[in-house]
Structures are given as C-alpha cells and as structure tokens.
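The following exercises practise the reading of strand pairing, nonpolar cores and buried positions. Please work through each task before consulting its solution.

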Amino acid sequence: MRTYVMQVATGRERTTVAALEHLLGKDARYRIFVPRFQFQKKIRGSWQLVEELLTPGYVYLRTSMADIEELSQKIKTAPPFARVLAHNGTIVPLDADEEQWLQTLTGATHVVEPSIGVAEGDRVVITDGPLVGLESQIKKIDRHKRLAYVDVRLLGRTKTIKVGVEIVRKSDGDEQ
C-alpha cells in the first residue's frame with residue numbers, strides 16, 4: 001500500500017471524501033482520508049479543542065500501485081476539480097520519507113494532536129506529542145494562537161503547515 005495525493009478545491013475536502021466513499025463503496029482496496037490537526041482555541045471566553053485541516057486542498061488515498069490507475073479513472077467521474085497528482089503524466093505516490101513523516105505525525109487516526117513544549121531563550125524544546133524530536137523543523141511559534149508553523153517536505157516541495165502546540169513554560173535560557 002502506498003499513499004497518493006489528490007488535489008481538490010479548497011473547502012471541498014470532506015465532501016470529496018464522502019463522494020469518493022459513496023462512489024467506491026466499501027472497497028477495502030482504498031483508504032481515503034484528510035489529515036487534520038488539533039489545537040486549543042478560545043471561543044466565547046473558554047478554551048476548546050478544535051480541528052482544522054493539515055493540508056487544505058488535498059485528500060490522501062492509500063492503495064496499491066496496481067489499483068491506482070483504476071482509482072484515477074473512477075475519480076474522473078467524481079466531484080469537480082478532483083485529480084490525483086502526477087509528475088509528467090505518471091501518478092506517483094508520496095516518497096517513503098514523506099509517508100513516514102505523515103504516519104509519525106498523524107498516526108492511525110490521521111489527526112495531529114497538540115504537542116507540549118518549553119521555550120528556553122530562543123529555542124523550543126518539545127517535551128510531549130508528535131513534534132518531539134522535530135524541533136529543528138519548527139519555523140515559528142504563535143503562543144497566543146497556540147500554533148507551531150513547521151516546514152515539511154511534502155509532494156516534493158517544502159510546505160509550511162500549522163500544528164497545535166502548548167508552551168507550558170518560558171525561561172530566559174540562563175537558568176541553571
């Protein structure tokens with residue numbers, strides 16, 4: 001099984017998944033999903049856990065290489081502006097590193113849970129959650145919005161994605 005990416009109209013990801021699941025039925029050869037991330041957001045004065053799309057405009061498909069051409073033909077009858085991404089006319093899966101990164105970050109649920117970290121001077125140390133060990137990929141942290149902006153290699157390009165992060169302590173880095 002490999003992971004392929006389908007480009008869809010932004011905002012139509014969930015309806016595209018529903019339409020494809022209806023089109024394909026209960027065919028176990030295909031797994032269709034939209035990765036999401038969770039973060040804390042203040043709504044009407046209280047903090048609530050909310051979910052947003054990890055990569056807006058994209059739907060992910062897990063299937064064997066043998067089934068992707070058949071799936072691609074079926075997708076052409078699906079919702080408007082839905083296409084499996086290809087390179088020079090050849091449908092290509094995510095490379096092994098991209099698949100591993102996606103699996104590590106999102107797990108079986110395809111949801112990135114918030115990470116917990118400590119700010120030490122100019123650097124952040126993630127102590128819990130999917131970003132542990134990925135601190136070097138964090139480009140910016142918005143403590144007010146409780147988001148980390150992370151550079152990842154996805155679809156052959158570097159893309160900045162948002163994920164939830166909670167900075168529980170901040171020190172000036174001079175503590176001993």
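**Exercise 1. Identify the bridge partner of glycine 117 in strand 14.**

Solution. The bridge partner of glycine 117 in strand 14 is isoleucine 167. Strand 10, residues 115-120, pairs with strand 14 in the parallel sense over six bridges. Strands here are DSSP runs of E with at least two residues, and helices are runs of H or I with at least four residues, both numbered from the N terminus. Two strands pair if DSSP finds at least two bridges between them.

The model is predicted: local features need pLDDT of at least 70, side-chain atom pairs count only at pLDDT 80 or more, and totals for chains, interfaces and linings use all residues. Residues are numbered from 1 along each chain as its sequence is written, and side-chain values use heavy atoms, with hydrogens and water left out.

**Exercise 2. Describe how strand 13 and strand 14 pair.**

Solution. Strand 13 and strand 14 pair in the antiparallel sense, over eight bridges. Within strand 14, threonine 160 stands opposite aspartate 151. The hairpin of these two strands has two residues between them, and leucine 155 takes a positive phi near 60° there.

**Exercise 3. State the strand order of the open sheet of three strands, and find its edges.**

Solution. The order is 4-3-9, with mixed pairing. Strand 4 (46-53) and strand 9 (111-112) each have a single partner strand, so one side of each lacks a neighbour in the sheet. Strand 3 and strand 4 pair in the antiparallel sense over eight bridges. Phenylalanine 37 has glutamate 52 in strand 4 as its bridge partner.

**Exercise 4. Determine which elements give two or more residues to the largest nonpolar core.**

Solution. A nonpolar core is a set of buried Ala, Val, Leu, Ile, Met, Phe, Trp, Tyr and Cys residues joined through side-chain atoms within 4.5 Å. The largest one has 28 residues, and Tyr60, Leu131, Val150, Ile161 and Val163 have the most contacts inside it. The elements sought are strand 3 (36-43), strand 5 (58-63), helix 3 (96-106), strand 13 (147-154) and strand 14 (157-171). Strand 13 gives the most, with five residues.

**Exercise 5. Is threonine 55 buried or exposed?**

Solution. Threonine 55 lies in the loop between strand 4 and strand 5. Its relative accessible area is 2%. Buried means under 20%, exposed over 50%, and partly exposed in between (1.4 Å probe, protein chains only). Threonine 55 is therefore buried. Its contacts (heavy atoms within 4.5 Å) beyond four places in sequence include Pro35, Leu154 and Ile161.
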